Amino acid sequence: MVNAQCLPVYALALLPRNLRLAEALRTMPSATTLSADFEQLALPLFASLYNHAFWLTRNQAEAEDLVQETFTKALRAFDTFESGTNFKAWIFRILRNTFLTTRAGIGASRTVFLEDHPDTFDTATVGATPEDILIRLDNQAALHTALEQLQPQLREALLLCDVEGIKYKDIALILDVPIGTVMSRISRARRTLRQILLPQFGESL
Amino acid sequence: MNQAPQTNQSTAHLDPDKLSAFIDGELPPAEQQGIEQHLTTCHACTLRVLSATRLKGAIARAGQRFAPPPEALARLTAQLRSQTQAKPQLQVEAKRTARIYSMPSLRPAVWTALAATILLTVSLLGWRQLHQTNTLAAELLDQHLATLSTGAIPQVISTDRHTVKPWFQGRLPFSFNLPDTTALPPDTVLKGADLTYLNGQPAALLFFTIHKHEVSVFLTQRAARPTLTTLPSIRAGFTLQTATTPDLRIIAVSDVNPADLDLLVASLVHAQSPA
């Protein structure tokens with residue numbers, strides 16, 4: 001086998017492409033350093049990614065598989081990650097794209113979502129004071145149920161914003177939609193949640 | 001309280017998308033400031049902003065709902081390590097060569113990762129069992145010592161097994177038999193009983209005396225905690241004697257002679273077997 005390290009620079013051009021690329025990657029200081037860096041950035045996000053994966057798949061085994069596959073892909077592609085950019089957004093995007101290739105994800109992506117549907121929740125808080133809403137927020141079970149009833153596209157955007165604290169522009173990257181769509185999905189998600197929460201408690205509160 | 005004017009006014013003042021973006025801090029600074037100024041004069045909009053902020057906080061808590069299984073992180077780390085170790089090999093070799101040689105080169109890494117995971121799991125299980133066993137022993141001793149204090153009065157004070165046994169009906173999810181007075185070892189007397197919780201499950205606590213020594217006997221369902229099989233036989237000078245029947249787990253705690261405690265436990269075991 002040719003030892004590329006012993007050859008002059010111009011001779012590298014004569015080597016087979018695969019070998020040249022492989023050698024270049026090998027001699028970079030990155031092979032193990034990169035994976036250590038990757039683990040340092042990615043492992044603290046494990047619980048968040050799992051939680052989000054569970055919301056997407058609604059299944060424990062599938063959520064774990066999805067996160068494992070996400071980590072595998074992310075590690076493989078880590079040398080393409082631009083340092084200084086948002087790693088969390090980057091890996092959540094991989095998670096989502098991986099989800100979309102699963103059976104459940106394909107099903108979800110086929111669901112038609114009417115972004116520009118006329119707003120039917122315009123006066124969502126009619127009949128209830130904001131204080132009523134505050135009282136209801138103490139009821140975690142009701143909130144869980146309401147979140148489950150939310151359309152997946154709305155829930156996804158809302159969870160990325162409220163649970164993960166990701167900015168709109170990064171959510172737009174993750175979901176691959178314009179930032180205006182992110183804004184309207186989050187707003188619509190909140191209004192829908194209110195609508196779901198209101199009738200459960202009647203108007204007596 | 002009439003809500004309509006308030007709602008109409010607030011809707012006109014702050015549209016829902018703007019309100020939502022405002023609480024997320026996603027509006028341009030000028031727009032953000034404009035809204036802040038509006039809020040100083042508009043009570044209705046302020047209430048809506050407050051309500052929306054609280055909703056956001058509640059969603060953040062409710063949305064963080066699914067925790068990964070404890071062993072999932074170990075599985076993931078093992079997978080990443082094996083991937084990292086396999087990566088340079090795959091990069092150096094050409095595709096076809098890699099297909100031939102990567103399997104043997106992957107194997108040690110995979111086996112190492114697997115061995116590490118198994119070792120971790122086994123040691124964790126061992127630690128957990130030891131930890132649970134020690135906790136259980138401490139719990140048993142604590143409860144026994146509590147019964148020795150003068151202020152502790154059992155719920156049932158009776159030497160009659162026909163009074164003690166029925167008292168547990170409806171209080172425990174299982175039943176048990178008590179030996180007849182004549183079937184008890186010499187100078188062993190049933191004093192009373194109580195309902196207690198041991199290791200998180202309901203238990204019958206029976207009080208006996210053997211030659212003036214106090215004895216606490218705990219009866220629990222056996223199936224509920226199958227991993228707990230070994231307890232230390234002596235803890236802090238007290239003897240812990242364990243026995244099992246197909247349905248029950250019997251643990252006796254006392255400072256009496258271990259041989260006498262054995263006899264009591266044996267008589268209890270014997271009482272469980274069908275006549």
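Which residues of β7(B) point one way and which the other, and are they buried or exposed? Here are my notes on that strand and on a helix in chain A; bear in mind that this is a predicted model.

1. Taking the strand's two faces in turn, B:Leu248, B:Ile250, B:Ala252 and B:Ser254 point one way. B:Arg249, B:Ile251 and B:Val253 point the other way. All of them are buried, and yes, that includes the arginine.

2. Why call β7(B) largely enclosed by the rest of the structure? Residues count as buried when 20 or more other C-beta atoms lie within 10 Å of their own, and seven of the seven residues in this strand (248-254) are buried, so the label follows.

3. Now for the neighbours. Strand β4 of chain B, residues 213-221, pairs with β7(B) in the antiparallel sense, with seven bridges between them. If you want a spot to look at, find B:Ile250 in β7(B), with B:Leu219 standing opposite.

4. Strand β6 of chain B (residues 238-244) is another antiparallel partner of β7(B), this time over six bridges. Here B:Ile251 has B:Thr242 as its bridge partner. The link from β6(B) to β7(B) is a hairpin of three residues.

5. Over in chain A, have a look at helix α4, which runs through residues 46-57. Its 12 residues reach 16 Å from first C-alpha to last, close to the 16 Å expected at 1.5 Å a residue.

6. The buried residues of α4(A) are A:Leu49, A:Tyr50, A:Asn51, A:His52, A:Ala53, A:Phe54, A:Leu56 and A:Thr57. Following the helix comes A:Arg58, with a positive phi near 60°.

Methods:
Residues are numbered from 1 along each chain as its sequence is written. Chains are lettered from A and ligands numbered from 1 in the order in which they are written. This is a predicted model: local features need pLDDT of at least 70, side-chain atom pairs count only at pLDDT 80 or more; totals for chains, interfaces and linings use all residues. A residue is buried if 20 or more other C-beta atoms lie within 10 Å of its own, exposed if 12 or fewer, and partly exposed in between; C-beta atoms are placed from the backbone. Helices (H or I, at least four residues) and strands (E, at least two) are DSSP runs, numbered from the N terminus. Two strands pair if DSSP finds at least two bridges between them. The expected span of a helix is 1.5 Å times one less than its number of residues.
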